[in-house]
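Hello,

Here is the structure I promised to pass on. Please look it over; my notes follow below it.

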Amino acid sequence: MAQLVKLQDYISRYQIDLTRYPTQFVRLKKGQWERVKYQWQTGGDIGQWEHIEVEAEEVPIEKSRFSFLKKLLPNRAKEDEKNEDVESVDVSTELDEDYIPEEETTLHFEPNIVYNPQTVAELKHMFMDQFFHFQIKWASSTLREKSYVDPKFMRDTLLRSLLQTLPDSYLIFYRPILRLKKAPIELEIIILTPTDCYIVKVLEEENQAVYIGGGERFWMKKVGKLDKKTLSPIIDLNRTEAIVTRLFQEEGIEIPIRKVILSRNGYIDYPGTVYGLQFIDKRKFPQWMEQLKRSVSPMKHMQIRAAQAILKSAETTSFHRDIWHVEESKEQ
(Lines give C-alpha, C1' and ligand atoms only; values in the text may rest on other atoms or scores of the structure.)
Protein backbone atom coordinates (compact mmCIF):
# COMPACT_ATOMS: atom_id res chain seq x y z
CA MET A 1 0.00 0.00 0.00
CA ALA A 2 1.26 3.47 -0.89
CA GLN A 3 1.66 5.88 2.01
CA LEU A 4 -0.69 8.83 2.44
CA VAL A 5 1.72 11.54 3.54
CA LYS A 6 -0.61 14.54 3.35
CA LEU A 7 -4.38 14.76 2.90
CA GLN A 8 -5.45 18.33 2.12
CA ASP A 9 -4.71 20.45 5.23
CA TYR A 10 -5.02 17.66 7.79
CA ILE A 11 -2.35 17.14 10.43
CA SER A 12 0.28 14.63 9.30
CA ARG A 13 2.64 12.62 11.46
CA TYR A 14 5.01 12.59 8.47
CA GLN A 15 5.57 16.30 9.08
CA ILE A 16 7.02 15.38 12.49
CA ASP A 17 9.52 12.78 11.29
CA LEU A 18 9.58 11.74 7.66
CA THR A 19 12.57 9.45 8.15
CA ARG A 20 10.78 7.39 10.80
CA TYR A 21 7.12 7.02 9.95
CA PRO A 22 7.40 5.48 6.46
CA THR A 23 9.33 2.56 7.95
CA GLN A 24 6.98 2.34 10.92
CA PHE A 25 3.92 2.23 8.66
CA VAL A 26 5.38 -0.64 6.64
CA ARG A 27 6.27 -2.54 9.80
CA LEU A 28 2.85 -2.27 11.40
CA LYS A 29 1.04 -3.18 8.17
CA LYS A 30 3.27 -6.18 7.59
CA GLY A 31 2.98 -7.27 11.22
CA GLN A 32 -0.81 -7.06 11.23
CA TRP A 33 -1.07 -8.90 7.93
CA GLU A 34 1.20 -11.69 9.12
CA ARG A 35 -0.93 -12.14 12.24
CA VAL A 36 -4.12 -12.30 10.20
CA LYS A 37 -2.64 -14.72 7.69
CA TYR A 38 -1.19 -16.95 10.41
CA GLN A 39 -4.53 -17.26 12.20
CA TRP A 40 -6.30 -17.91 8.91
CA GLN A 41 -3.83 -20.64 7.95
CA THR A 42 -3.75 -22.46 11.28
CA GLY A 43 -7.40 -22.16 12.32
CA GLY A 44 -8.79 -22.27 15.83
CA ASP A 45 -11.77 -21.40 18.01
CA ILE A 46 -11.48 -17.66 17.49
CA GLY A 47 -14.16 -15.05 18.16
CA GLN A 48 -12.93 -11.75 16.74
CA TRP A 49 -9.87 -9.72 15.92
CA GLU A 50 -8.27 -8.33 19.04
CA HIS A 51 -7.97 -4.63 19.78
CA ILE A 52 -4.32 -3.95 19.00
CA GLU A 53 -2.26 -0.83 19.53
CA VAL A 54 -0.05 -0.37 16.51
CA GLU A 55 1.40 3.09 16.51
CA ALA A 56 4.92 2.30 17.62
CA GLU A 57 5.50 -1.39 18.22
CA GLU A 58 7.65 -3.53 15.95
CA VAL A 59 4.88 -6.18 15.87
CA PRO A 60 6.76 -9.50 15.73
CA ILE A 61 4.33 -12.37 15.21
CA GLU A 62 5.45 -14.32 18.25
CA LYS A 63 5.06 -11.33 20.57
CA SER A 64 1.26 -11.56 20.83
CA ARG A 65 -1.45 -13.65 19.22
CA PHE A 66 -3.85 -12.06 16.80
CA SER A 67 -7.43 -13.32 17.10
CA PHE A 68 -9.30 -13.45 13.86
CA LEU A 69 -12.10 -15.78 12.73
CA LYS A 70 -14.58 -18.06 14.37
CA LYS A 71 -14.80 -21.69 13.23
CA LEU A 72 -11.89 -21.38 10.77
CA LEU A 73 -11.31 -24.01 8.12
CA PRO A 74 -8.01 -25.91 8.67
CA ASN A 75 -5.18 -26.79 6.29
CA ARG A 76 -4.98 -23.52 4.43
CA ALA A 77 -1.22 -23.23 4.38
CA LYS A 78 -1.02 -25.20 1.13
CA GLU A 79 -3.42 -22.86 -0.58
CA ASP A 80 -1.48 -19.90 0.71
CA GLU A 81 1.69 -21.21 -0.93
CA LYS A 82 -0.10 -21.35 -4.25
CA ASN A 83 -1.20 -17.72 -3.85
CA GLU A 84 2.07 -16.32 -2.54
CA ASP A 85 2.09 -13.63 -5.24
CA VAL A 86 -1.32 -12.38 -4.13
CA GLU A 87 -0.41 -11.59 -0.55
CA SER A 88 3.19 -10.46 -0.86
CA VAL A 89 4.04 -7.25 0.98
CA ASP A 90 6.76 -4.92 -0.28
CA VAL A 91 8.82 -3.69 2.64
CA SER A 92 12.00 -2.70 0.81
CA THR A 93 13.37 0.64 1.95
CA GLU A 94 16.65 2.48 2.28
CA LEU A 95 15.58 3.95 5.61
CA ASP A 96 16.87 2.66 8.94
CA GLU A 97 14.67 -0.27 9.96
CA ASP A 98 16.77 -1.47 12.87
CA TYR A 99 15.11 0.63 15.53
CA ILE A 100 11.77 2.33 16.04
CA PRO A 101 11.44 4.27 19.30
CA GLU A 102 8.59 3.29 21.57
CA GLU A 103 5.94 5.90 22.31
CA GLU A 104 2.49 6.11 23.77
CA THR A 105 -0.31 5.51 21.32
CA THR A 106 -3.87 6.64 20.91
CA LEU A 107 -4.37 4.98 17.55
CA HIS A 108 -5.71 1.46 17.12
CA PHE A 109 -6.53 -0.92 14.28
CA GLU A 110 -9.85 -2.63 14.98
CA PRO A 111 -11.08 -4.63 11.97
CA ASN A 112 -14.57 -6.11 11.86
CA ILE A 113 -15.46 -9.58 10.65
CA VAL A 114 -17.99 -9.30 7.84
CA TYR A 115 -17.59 -12.77 6.32
CA ASN A 116 -15.29 -15.80 6.40
CA PRO A 117 -12.87 -15.55 3.46
CA GLN A 118 -12.31 -18.84 1.65
CA THR A 119 -9.08 -17.89 -0.17
CA VAL A 120 -6.02 -15.87 0.74
CA ALA A 121 -7.00 -13.38 -1.98
CA GLU A 122 -10.35 -12.78 -0.27
CA LEU A 123 -8.59 -12.50 3.07
CA LYS A 124 -6.20 -9.88 1.76
CA HIS A 125 -9.01 -7.95 0.08
CA MET A 126 -10.91 -7.71 3.38
CA PHE A 127 -7.76 -6.81 5.29
CA MET A 128 -6.79 -4.03 2.87
CA ASP A 129 -10.29 -2.55 2.75
CA GLN A 130 -10.35 -2.24 6.53
CA PHE A 131 -6.74 -1.13 6.75
CA PHE A 132 -7.61 1.70 4.32
CA HIS A 133 -9.86 3.26 6.97
CA PHE A 134 -7.07 2.93 9.51
CA GLN A 135 -4.68 4.56 7.04
CA ILE A 136 -6.91 7.64 6.76
CA LYS A 137 -6.75 8.00 10.55
CA TRP A 138 -3.00 7.36 10.47
CA ALA A 139 -2.60 10.19 7.93
CA SER A 140 -4.74 12.71 9.82
CA SER A 141 -3.56 12.42 13.43
CA THR A 142 -0.56 12.47 15.72
CA LEU A 143 -0.20 11.59 19.38
CA ARG A 144 -1.14 15.14 20.40
CA GLU A 145 -3.34 16.36 17.56
CA LYS A 146 -5.91 15.21 15.05
CA SER A 147 -7.98 16.65 12.21
CA TYR A 148 -11.63 16.22 11.38
CA VAL A 149 -11.77 14.01 8.28
CA ASP A 150 -14.45 14.69 5.70
CA PRO A 151 -16.37 11.39 5.25
CA LYS A 152 -16.09 11.78 1.49
CA PHE A 153 -12.47 10.62 1.66
CA MET A 154 -13.58 7.29 3.12
CA ARG A 155 -15.70 6.83 -0.01
CA ASP A 156 -13.11 8.22 -2.44
CA THR A 157 -12.50 5.37 -4.88
CA LEU A 158 -9.48 7.02 -6.52
CA LEU A 159 -7.75 7.55 -3.19
CA ARG A 160 -8.50 3.96 -2.22
CA SER A 161 -7.24 2.67 -5.56
CA LEU A 162 -3.96 4.61 -5.38
CA LEU A 163 -3.23 3.57 -1.80
CA GLN A 164 -4.16 -0.10 -2.23
CA THR A 165 -2.53 -0.62 -5.62
CA LEU A 166 0.76 1.27 -5.50
CA PRO A 167 3.84 0.00 -3.61
CA ASP A 168 4.81 0.84 -0.03
CA SER A 169 7.65 3.01 -1.31
CA TYR A 170 5.27 5.51 -2.98
CA LEU A 171 4.34 8.69 -1.09
CA ILE A 172 0.96 10.28 -1.85
CA PHE A 173 0.00 13.93 -1.37
CA TYR A 174 -3.76 13.96 -1.97
CA ARG A 175 -4.78 17.45 -3.04
CA PRO A 176 -2.48 19.03 -0.43
CA ILE A 177 -3.05 22.60 0.68
CA LEU A 178 0.10 24.69 0.95
CA ARG A 179 0.54 28.16 2.42
CA LEU A 180 2.50 30.28 -0.02
CA LYS A 181 2.91 34.04 0.40
CA LYS A 182 0.42 33.94 3.29
CA ALA A 183 -2.32 32.44 1.11
CA PRO A 184 -3.56 28.81 1.10
CA ILE A 185 -3.35 27.09 -2.28
CA GLU A 186 -4.76 23.64 -3.06
CA LEU A 187 -2.56 21.61 -5.40
CA GLU A 188 -3.35 18.62 -7.58
CA ILE A 189 -2.55 15.05 -6.53
CA ILE A 190 1.19 14.44 -6.16
CA ILE A 191 2.70 10.95 -6.27
CA LEU A 192 6.34 10.72 -5.24
CA THR A 193 7.92 7.48 -6.43
CA PRO A 194 11.54 6.61 -5.64
CA THR A 195 12.57 8.04 -9.00
CA ASP A 196 9.84 10.43 -10.23
CA CYS A 197 7.27 13.00 -9.17
CA TYR A 198 3.84 12.62 -10.80
CA ILE A 199 1.34 15.48 -10.74
CA VAL A 200 -2.16 14.19 -11.50
CA LYS A 201 -5.13 16.31 -12.57
CA VAL A 202 -8.42 14.38 -12.35
CA LEU A 203 -11.32 14.85 -14.78
CA GLU A 204 -14.20 12.80 -13.41
CA GLU A 205 -17.53 14.52 -13.66
CA GLU A 206 -20.17 12.87 -15.85
CA ASN A 207 -19.75 9.23 -16.85
CA GLN A 208 -18.75 8.62 -20.47
CA ALA A 209 -17.86 12.28 -20.97
CA VAL A 210 -15.45 13.06 -23.80
CA TYR A 211 -12.90 15.81 -23.21
CA ILE A 212 -11.54 17.35 -26.39
CA GLY A 213 -8.35 19.37 -26.07
CA GLY A 214 -8.15 22.59 -28.03
CA GLY A 215 -6.93 26.06 -27.23
CA GLU A 216 -4.66 27.07 -24.38
CA ARG A 217 -7.48 28.11 -22.06
CA PHE A 218 -10.56 26.03 -22.89
CA TRP A 219 -11.40 22.46 -23.82
CA MET A 220 -14.70 21.07 -25.07
CA LYS A 221 -16.62 18.55 -22.98
CA LYS A 222 -19.17 16.33 -24.74
CA VAL A 223 -21.79 14.48 -22.70
CA GLY A 224 -24.25 12.72 -24.97
CA LYS A 225 -25.50 15.40 -27.35
CA LEU A 226 -24.49 18.29 -25.11
CA ASP A 227 -21.34 20.32 -25.72
CA LYS A 228 -19.87 22.56 -23.06
CA LYS A 229 -16.71 24.61 -22.73
CA THR A 230 -14.55 23.71 -19.76
CA LEU A 231 -11.36 25.24 -18.42
CA SER A 232 -8.27 23.46 -19.70
CA PRO A 233 -6.94 21.04 -17.05
CA ILE A 234 -3.43 21.86 -18.23
CA ILE A 235 -3.71 25.23 -16.45
CA ASP A 236 -4.07 23.62 -13.01
CA LEU A 237 -1.36 21.10 -13.84
CA ASN A 238 1.09 23.82 -14.84
CA ARG A 239 0.31 25.81 -11.69
CA THR A 240 1.07 22.83 -9.45
CA GLU A 241 4.17 22.02 -11.49
CA ALA A 242 5.47 25.58 -11.11
CA ILE A 243 4.98 25.51 -7.33
CA VAL A 244 6.56 22.07 -6.89
CA THR A 245 9.47 22.99 -9.18
CA ARG A 246 10.19 26.12 -7.12
CA LEU A 247 10.07 24.18 -3.84
CA PHE A 248 12.45 21.58 -5.25
CA GLN A 249 14.86 24.18 -6.60
CA GLU A 250 15.00 25.96 -3.25
CA GLU A 251 16.15 22.70 -1.62
CA GLY A 252 18.46 21.60 -4.43
CA ILE A 253 16.28 18.58 -5.28
CA GLU A 254 16.65 16.97 -8.68
CA ILE A 255 13.79 14.64 -9.52
CA PRO A 256 11.86 14.44 -12.83
CA ILE A 257 8.33 15.90 -12.76
CA ARG A 258 5.76 14.15 -14.93
CA LYS A 259 2.24 15.48 -15.50
CA VAL A 260 -0.87 13.34 -15.95
CA ILE A 261 -4.46 14.19 -16.88
CA LEU A 262 -6.60 11.34 -15.60
CA SER A 263 -10.19 10.31 -16.33
CA ARG A 264 -11.27 6.86 -15.14
CA ASN A 265 -14.86 7.25 -16.33
CA GLY A 266 -14.41 9.28 -19.50
CA TYR A 267 -12.34 9.73 -22.63
CA ILE A 268 -9.67 12.26 -23.60
CA ASP A 269 -9.11 13.35 -27.18
CA TYR A 270 -6.11 15.61 -27.55
CA PRO A 271 -4.54 16.30 -30.96
CA GLY A 272 -0.80 15.85 -30.97
CA THR A 273 1.41 15.37 -27.92
CA VAL A 274 2.74 17.56 -25.11
CA TYR A 275 6.21 16.96 -23.69
CA GLY A 276 6.09 15.54 -20.18
CA LEU A 277 2.29 15.17 -20.21
CA GLN A 278 0.33 11.90 -20.29
CA PHE A 279 -3.37 11.57 -21.06
CA ILE A 280 -4.81 8.60 -19.16
CA ASP A 281 -8.49 7.92 -19.77
CA LYS A 282 -10.87 5.01 -19.21
CA ARG A 283 -9.11 2.95 -21.87
CA LYS A 284 -5.59 3.41 -20.52
CA PHE A 285 -6.12 3.58 -16.74
CA PRO A 286 -5.71 -0.17 -15.94
CA GLN A 287 -2.46 -0.38 -17.93
CA TRP A 288 -1.13 2.83 -16.37
CA MET A 289 -1.78 1.59 -12.84
CA GLU A 290 -0.24 -1.76 -13.67
CA GLN A 291 2.88 -0.03 -14.95
CA LEU A 292 3.15 2.15 -11.83
CA LYS A 293 2.78 -0.70 -9.36
CA ARG A 294 5.53 -2.77 -10.99
CA SER A 295 8.21 -0.66 -9.32
CA VAL A 296 10.42 -2.65 -6.97
CA SER A 297 12.75 0.21 -6.13
CA PRO A 298 13.20 1.02 -2.42
CA MET A 299 12.62 4.50 -1.05
CA LYS A 300 15.34 6.96 -2.02
CA HIS A 301 16.98 9.77 -0.11
CA MET A 302 16.08 12.28 -2.85
CA GLN A 303 12.45 11.13 -2.66
CA ILE A 304 12.37 11.79 1.10
CA ARG A 305 13.93 15.22 0.60
CA ALA A 306 11.34 16.02 -2.07
CA ALA A 307 8.52 15.09 0.30
CA GLN A 308 10.05 17.21 3.06
CA ALA A 309 10.28 20.19 0.71
CA ILE A 310 6.52 20.02 0.07
CA LEU A 311 5.65 19.41 3.72
CA LYS A 312 7.60 22.51 4.81
CA SER A 313 4.96 24.71 3.21
CA ALA A 314 1.97 22.54 4.09
CA GLU A 315 -1.07 24.15 5.69
CA THR A 316 -2.41 22.36 8.77
CA THR A 317 -5.81 22.54 10.44
CA SER A 318 -6.08 20.41 13.56
CA PHE A 319 -7.03 20.40 17.22
CA HIS A 320 -5.41 19.03 20.37
CA ARG A 321 -6.80 15.78 21.69
CA ASP A 322 -8.98 15.99 24.82
CA ILE A 323 -6.42 14.16 26.93
CA TRP A 324 -3.98 16.98 26.35
CA HIS A 325 -6.57 19.61 27.24
CA VAL A 326 -7.12 17.81 30.55
CA GLU A 327 -3.43 17.66 31.35
CA GLU A 328 -2.91 21.32 30.43
CA SER A 329 -5.80 22.32 32.71
CA LYS A 330 -4.26 20.43 35.63
CA GLU A 331 -0.94 22.17 35.15
CA GLN A 332 -2.43 25.67 35.19
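**Confidence first**

Over residues 44–106 the pLDDT stays under 50, and the model has 160 contacts beyond four places in sequence for that stretch. Keep in mind that this is a predicted model. A second stretch, residues 326–332, also has pLDDT under 50 throughout. For residues 326–332 the count of contacts beyond four places in sequence is 0. The chain as a whole has a mean pLDDT of 79. Of its residues, 75% reach 70 or more.

**The sheet**

One open sheet has 4 strands in the order 12-11-10-14. Its pairing is mixed. Strand 12 and strand 14 (267–269) are the edges, each pairing on one side only. On average, neighbouring strands here are turned by 25° against each other, direction ignored.

Strand 11 (residues 218–223) and strand 12 (residues 226–231) run antiparallel, joined by 6 bridges. Two pairs give you the register. Phenylalanine 218 stands opposite leucine 231 in strand 12. Methionine 220 stands opposite lysine 229, also in strand 12. The two strands form a hairpin with 2 residues between them. In the turn, glycine 224 has a positive phi of about 65°.

**Salt bridges**

The structure holds 16 salt bridges. Start with lysine 201. What is its relative accessible area? The value is 15%; buried means under 20%, so lysine 201 counts as buried.

Lysine 201 forms a salt bridge with glutamate 188, with 3.9 Å between the closest N and O atoms. Lysine 201 sits in strand 9 (residues 197–202), and glutamate 188 in the loop between strand 7 (183–186) and strand 8 (189–192), so this pair ties together parts 13 residues apart in sequence. Glutamate 188 is buried, as is lysine 201.

Aspartate 236 also meets lysine 201 in a salt bridge, at 3.0 Å from N to O. Aspartate 236 belongs to helix 5 (residues 233–250) and lysine 201 to strand 9, so here the parts tied together are 35 residues apart in sequence.

Helix 5 has a salt bridge of its own. The side chains of glutamate 250 and arginine 246 meet at 3.1 Å, N to O. Both residues lie in helix 5, 4 residues apart, about one turn of the helix. Glutamate 250 is exposed, at 53% relative accessibility. Arginine 246 is partly exposed, at 34%.

Back to the buried lysine. Shared partners join Glu188, Lys201 and Asp236 into one salt-bridge network.

Best wishes

Methods
Residues numbered from 1 in each chain as written. Predicted model: local features only at pLDDT ≥ 70, side-chain atom pairs only at ≥ 80, totals over all residues. Heavy atoms only, no water. pLDDT = per-residue confidence, 0-100. Contact = heavy atoms within 4.5 Å. Pairing = 2+ DSSP bridges. Axes fitted to C-alpha atoms, helices over the stretch in contact; angles between N-to-C directions. Salt bridge = Lys/Arg side-chain N within 4 Å of Asp/Glu carboxyl O. Buried < 20%, exposed > 50% of the residue type's maximum accessible area, 1.4 Å probe, protein only.
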